[in-house]
Amino acid sequence: MSGLNQGKMQLSGRGVVCVRGGREVFSGLDFEAVSGEAVAVVGRNGSGKTSLLRLIAGLLIPAGGTIALDGGDGELTLPEQCHYLGHRDALKPALSVAENLSFWADFLGGERSDTAESLATVGLDHATDLPAGFLSAGQRRRLSLARLLTVRRPVWLLDEPTNALDVAGQDMFGGLMREHLSRGGMIVAATHAPLGIDSRELRIGGMA
Amino acid sequence: MTALSALIRRDIRIALRVGGGALIGVLFFLTVVVLMPFAVGPDLALLSRLGPAILWLGALLASLLTLDRLFMADHEDGSLDLITMSRTPLELACAAKALAHWLAAGLPLIVATPVLGLLLNLDMVSTGAVALTLLAGTPALTFTGMIGAALAVTLHRGGLLMAVLVLPLSIPVLIFGVAASQAVIVGPMNFGAPFSILCALSLVSLVVGPFAAAASLKHGLD
C-alpha cells in the first residue's frame, strides 16, 4: 500500500486554455492540488468541468498552458498516474462483474489489490458472476469505483462521481475518498452536488 | 504482456458470447457462398472456375462486416479513454485488438472454407489452396481495416464510410489472393509468386496498421 507515498506530490495547471469545436471554453485557468487534497470543480453547465478533467487525463490537448504533476513517479506520464471516472462506465455488458473488474486490473497494471475485496467494499460481492448488462445504474457506478480501489493510482479524476449512487452508496464513497486522501492521493472532481468531504473549490466559467 | 493478453482474452470472450460478432461473420460468409451456386446455375466447370473468387469475396465482406465495431464499442462505453490513458502503448493495444478480432472473426472463416469448397465443386487441393491463401491474406484485411475503423470511430453510423475507406486498400490483397488460388486450379502461373506477395502485404499491414490506427485514434480525441 506504499505505492503512493513517494513524497509530496503536486498537480498544477498554469494558464490552461481549452478550445472545443472552435469555441474557447475557458482560458488562463490556474489550479493546483497537493497530496491529500481534494479539489471540487464547480461551474454552470457547459463551463468546461468535464473538459478540464479530460485535459488532465490527456484525453484532450490543451490549446495553451501546461499541466504537470511534480513528485510522482518520474518514469510515468501524468495520464498513466490518473484514474478517470467519466460519465461512461467502461463496462462490457456481456462480461460478468468479476470479469470486467479483473480485466481492468490486468490491463491497467501496476500495484493492485484483491478484486474480491474491492467488490466487497463497494457492496457488489453478491453479484460477482452476474453479467454487467443486468446491473442497475447505481451498481454500475459501484463497479467503476471498485476499479479505482483495485488498481492504485495517486490522482483520481471524477466526473459527477455521486450520480446514481444511493445515500448509503454516497456515504461509502465519501469514506473511500477520505481513505485515498489519507494515503496521500489527490482528487479532482467535477460536481454539482456536495462531494461529502472537505475540498477546495475551483470555480470555472464565471459565476453560476 | 499481461495487459495485452488480458485485452486479447477479453475481446475474444466478448466476441464469442451471445451477441458477439464472431458468429455473424461466419454466417454471412456461409450465406453468400451458399447462394452463389443457385445464382450461377448448375454449370460445374464454371462454378469451380469462379470458386476461389467467390470464397475470397465472401471472406472479404464478412471480415468487413464486424470490423466497424472494433473501436466503436470501446469508444461508446468509455473503455477507449482508459485504454488511451493506460501504460500500454496505444499502438500495441491496437495490434492486440486486431489480433483478437482476427482470431475470433477471421479464423472461423478459414475453418469454414473446406466445407464451402464442396458447394463450389472445388477438389481437395484447390480448397486447400484457397484456405491457405485466406490464412495468409485475412490478417492483411483485418489490419488495414483497423485503420478505417479507427478513422470512423467518432462518427455515428461510420460503418459505410469505413467500407469506402477500406475497400480500396483491400484490392491488392484480393487480387493476389485469388491469383494464387487460381494458379493452383487452372495454371499456368506458379503459386509461389502471388502467394509471396500476399504474405508480404500481410506483413506490411501488420506493421503499418497499428501505427496508423493509433495515430488516427489520438488525432480523433475529443
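Half of chain B is tucked away: of its 222 residues, 50% count as buried. The model is predicted, and every value here is computed from it. Chain B is built from helices, with nine helices and zero strands. Its pattern along the sequence is therefore a plain run, α-α-α-α-α-α-α-α-α.

How far does chain B spread? Its C-alpha atoms fill a box of roughly 55 × 35 × 30 Å along the principal axes. A compact globule of 222 residues would have a radius of gyration near 17 Å. Chain B has 18 Å, which agrees. Its contacts also reach across the sequence. Among those between residues at least 6 apart, 79% join residues at least 24 apart.

Now turn to chain A. Chain A mixes both kinds of element, with five helices and eight strands. From the N terminus on, they run β-β-β-α-β-β-α-α-α-β-α-β-β. Of the 208 residues of chain A, 45% count as buried. The C-alpha trace spans about 50 × 35 × 30 Å along its principal axes. For 208 residues, a compact globule would have a radius of gyration near 17 Å, and chain A has 17 Å, which agrees. In chain A, among contacts between residues at least 6 apart in sequence, 74% join residues at least 24 apart.

Next comes a sheet in chain A. Five strands form an open sheet in the order β5-β6-β7-β3-β8, with parallel pairing. Two of these strands, β5 (82–85) and β8 (200–203) of chain A, stand at the edges. Each has a single partner strand, so one side of each is left without a neighbour in the sheet. On average, neighbouring strands of this sheet are turned by 15° against each other, direction ignored.

Look at one edge. Strand β5(A) runs parallel to β6 (residues 155–159) of chain A, and four bridges join them. Within this pairing, Tyr84(A) has Leu157(A) of β6(A) as its bridge partner.

Helices lie across these strands. Helix α1 (residues 49–56) of chain A crosses β3 (38–42), β5, β6 and β7 (186–190) of chain A. This α1(A) runs at about 145° to β7(A). Helix α5 (residues 167–182) of chain A lies across β3, β6 and β7 of chain A, at about 140° to β7(A).

Another helix of chain A is worth a closer look. Helix α4 (residues 137–150) of chain A has 14 residues. At 1.5 Å a residue, α4(A) should span 20 Å. Its end C-alpha atoms are 20 Å apart, which agrees. Is α4(A) mostly covered or mostly exposed? It is mostly covered, with twelve of its 14 residues buried. Among the buried residues are Arg140(A), Arg141(A), Arg142(A) and Arg147(A). They also include Leu143(A), Leu145(A), Leu148(A) and Leu149(A). What covers the buried residues of α4(A)? The cover includes β5, α2 (97–108), α3 (115–121), β6 and α5 of chain A. Two strands of the sheet, β5(A) and β6(A), thus belong both to the sheet and to this cover.

Finally, the two chains meet. At the meeting, 20 residues of chain B are in contact with 23 residues of chain A. On the chain B side, α1 (2–16) and α5 (79–85) of chain B are the elements that give two or more residues. Helix α1(B) gives the most, with seven residues. The residues on this side of chain B divide into seven nonpolar, seven polar and six charged.

Definitions and conventions
Residues are numbered from 1 along each chain as its sequence is written. Chains are lettered from A and ligands numbered from 1 in the order in which they are written. This is a predicted model: local features need pLDDT of at least 70, side-chain atom pairs count only at pLDDT 80 or more; totals for chains, interfaces and linings use all residues. The radius of gyration is taken over C-alpha atoms; the globule rule is 2.2 Å times the number of residues to the power 0.38. A residue is buried if 20 or more other C-beta atoms lie within 10 Å of its own, exposed if 12 or fewer, and partly exposed in between; C-beta atoms are placed from the backbone. Two residues are in contact if their C-beta atoms, placed from the backbone, lie within 7 Å. Two strands pair if DSSP finds at least two bridges between them. Axes are lines fitted to C-alpha atoms, for helices over the stretch in contact, and angles run from 0 to 180 degrees between N-to-C directions. Ala, Val, Leu, Ile, Met, Phe, Trp, Tyr, Cys and Pro count as nonpolar, Asp, Glu, Lys and Arg as charged, and the others, Gly among them, as polar. The expected span of a helix is 1.5 Å times one less than its number of residues.
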